[in-house]
Amino acid sequence: MKSIDYVISTPTSIDYPALIEIWEAAVRATHHFLHEEHIQHFKPLILNQYFDAVDLFCIRDQSDMIMGFAGFSPETVEMLFVHPDHFGKGIGKKLMEYAITGRSIRKVDVNEQNPDALAFYQRLGFAIKSRSPLDGSGLPFPILHLELP
């Protein structure tokens, strides 16, 4: 299997349109519990508020195309999204390795209704520490709070 070279970089606001496209494609591929109105509700919030509220990092390929990104707060991975065209290529794992080793981040939250994401984080060693019945917006999408032991 051919190895793909990745570069982790810090995106700027110029990259936000590409990031929101990745977010939407990934959400549509993985967050089957969300309805269209939820996606349309969150999209401008993420684009206009959430991106600026976290430290963003992305993975680019050799042609400088962004394949996935993550947003970190000092202790937590607040968002991690990979374009579905790049699922299974190690993009999310590379971003999480950077979070853990490069940023000493030990926590991540995941939607309970997204079992593939939960399994991904558990494969990386995260364990469920607690559960919130509502998401951060007060919507009935339970959140699992995970931590590395």
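**Exercise 1.** How many bridges join β5 to strand β7, and in which direction do the two strands run?

*Solution.* The model is predicted, so that local features need pLDDT of at least 70 and side-chain atom pairs count only at pLDDT 80 or more, while totals for chains, interfaces and linings use all residues. Residues are numbered from 1 along each chain as its sequence is written, and side-chain values use heavy atoms, without hydrogens and water. Begin with the strands, which are DSSP runs of E with at least two residues, numbered from the N terminus. Between β5 and β7 (residues 143-147) there are 5 bridges, and the strands run antiparallel. In β7, Leu-146 is the bridge partner of Val-108.

**Exercise 2.** Place these strands in their sheet, and find its edge strands.

*Solution.* Strands pair if DSSP finds at least two bridges between them. The open sheet has 7 strands in the order β1-β2-β3-β4-β5-β7-β6, with mixed pairing. Its edge strands, β1 (7-9) and β6 (127-132), each pair on one side only.

**Exercise 3.** Find which strands α4 lies across.

*Solution.* Helices are DSSP runs of H or I with at least four residues, and contact means heavy atoms within 4.5 Å. The helix α4 lies across β4, β5, β6 and β7, and runs at about 155° to β5, where angles run from 0 to 180 degrees between N-to-C directions of axes fitted to C-alpha atoms, for helices over the stretch in contact.
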